[in-house]
Amino acid sequence: MTAPKVIGLDLSLTATGIASNLGWCQTIGETGITTRALDDRLDAIDRLTRDILIAIGGGRGNWPALVAIEIPAFSRSGAGSHERSALWWRVVRSLRRREVPVAEVSIQQRMRYATGKGSASKGAVIDAVARRLPMFATGGDDNCADAAILAAMAADHLGHPLAQMPATHRAALDAVTWPEMPAPVVVPYQAGRHTDLPTIDLPAQEAS
């Protein structure tokens with residue numbers, strides 16, 4: 001049975017991490033947004049939203065069966081928190097208007113799925129992706145690694161795990177509030193089944 005396309009999304013102004021169970025990951029972002037005038041900030045957030053949606057949909061409206069997105073860390077404040085919140089809501093609203101199911105995943109849930117613990121360093125998550133999910137060429141980028149874990153969680157929830165994960169890691173799935181969808185058809189993990197996934201070259205600029 002063909003696995004449905006899913007996306008992991010770790011939103012950021014400067015380097016949004018995006019990953020798909022089809023075997024690719026990338027970052028999208030702009031620097032200096034928070035120092036710009038109001039209208040320029042609005043335009044930048046609009047551009048980022050558009051570019052992220054193009055990447056998610058492949059530029060052709062090929063929307064995923066599920067998007068797992070990291071919940072903003074409300075404990076983190078300072079420059080950019082206001083603009084990051086705007087981007088988060090714009091992207092989520094755009095996905096829901098296209099009837100794409102969206103699951104909110106906390107940082108702790110993502111870390112637990114990656115490492116088996118609810119607290120882990122960026123390096124530990126990067127190492128976990130390199131070891132368990134080698135189909136993702138993160139290049140050591142923590143944003144890509146985070147997105148890869150989120151994509152793996154979404155795929156696992158739908159019954160198409162990308163790797164054989166220990167029970168202590170998979171316990172993170174039970175803590176996520178998943179959107180209502182048809183009951184998943186569980187396909188047992190088979191070693192090597194995902195190792196030959198193609199790398200997708202996404203269009204850099206294309207109207208959504």
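At what angle do α3 and helix α5 pack, and how far apart are their axes? The angle is about 80°, and the axes are 10 Å apart. Keep in mind that this is a predicted model.

Let me stay with that pair. Helix α5 covers residues 142-157. Angles from 65 to 115 degrees count as roughly perpendicular, and α3 and α5 are therefore roughly perpendicular to each other. Who makes the contact? On the α3 side, Q109, R110, Y113 and A114. On the α5 side, D146, I149, L150, A152, M153 and D156. By class, the residues of this contact split into six nonpolar, one polar and three charged.

Now the other partner of α3. Helix α3 is residues 107-115, and helix α6 is residues 167-174. Their axes come within 6 Å. They cross at roughly 155°. That makes α3 roughly antiparallel to α6, because angles over 145 degrees count that way. The crossing of α3 past α6 is left-handed. From α3, the contact takes Q109, R112, Y113, A114 and T115. From α6, it takes T168, H169, R170, A172 and L173. The residues here divide into four nonpolar, four polar and two charged.

Look at Y113. It is in the α3 contact with α5, and it is in the α3 contact with α6. Q109 and A114 also appear in the contact with α5 and in the contact with α6.

Next, the loop between α5 and α6. M165 lies there. Is M165 buried or exposed? Buried: its relative accessibility is 7%. Setting aside neighbours within four places in sequence, M165 is in contact with Y113, R132 and R170. So Y113 turns up again, since heavy atoms within 4.5 Å count as contact, and M165 touches Y113. R170 is on the α6 side of the contact with α3. There is a sequence-distant neighbour to point out too. M165 and T115 are 50 residues apart along the chain, yet their C-alpha atoms are separated by 9.7 Å.

On to the other helix pair, α1 and α2. Helix α1 is residues 38-57. Helix α2 is 81-97. They pack at an angle of about 40°, with their axes 10 Å apart. α1 and α2 are therefore oblique to each other. The crossing of α1 past α2 is right-handed. α1 brings R41, I45, D46, L48, T49, I52, L53 and I56. α2 brings E83, A86, L87, R90, V91, S94 and L95. The class split is nine nonpolar, two polar and four charged.

Then the aromatics. How many aromatic pairs does a search of the whole structure find? One. It is W88 with W89. The geometry is edge-to-face, 4.8 Å centre to centre, with 75° between the planes. The two partners have opposite surroundings. W88 counts as buried, because its relative accessibility is 5% and the cut-off is under 20%. W89 is exposed, at a relative accessible area of 55%.

Last, a backbone point. Which residue has a positive phi although it is not a glycine? E99, with a phi of about 60°. E99 sits in the loop between α2 and β5, and β5 is 102-105. At 67% relative accessibility, E99 counts as exposed.

To close, one picture to keep. α3 is roughly perpendicular to α5 and roughly antiparallel to α6, while M165, in the loop between α5 and α6, contacts Y113.

Notes:
Residues are numbered from 1 along each chain as its sequence is written. This is a predicted model: local features need pLDDT of at least 70, side-chain atom pairs count only at pLDDT 80 or more; totals for chains, interfaces and linings use all residues. Side-chain values use heavy atoms; hydrogens and water are left out. Axes are lines fitted to C-alpha atoms, for helices over the stretch in contact, and angles run from 0 to 180 degrees between N-to-C directions. Helices (H or I, at least four residues) and strands (E, at least two) are DSSP runs, numbered from the N terminus. Angles under 35 degrees count as roughly parallel, over 145 as roughly antiparallel, 65 to 115 as roughly perpendicular and the rest as oblique. A crossing is left-handed if the near helix is turned anticlockwise from the far one by less than a right angle, and right-handed if clockwise. Ala, Val, Leu, Ile, Met, Phe, Trp, Tyr, Cys and Pro count as nonpolar, Asp, Glu, Lys and Arg as charged, and the others, Gly among them, as polar. Rings of Phe, Tyr and Trp (its six-membered ring) pair if their centres lie within 6.5 Å; planes under 30 degrees apart count as stacked, over 60 as edge-to-face and the rest as tilted. Buried means under 20% relative accessible area, exposed over 50%, partly exposed in between (1.4 Å probe, protein chains only).
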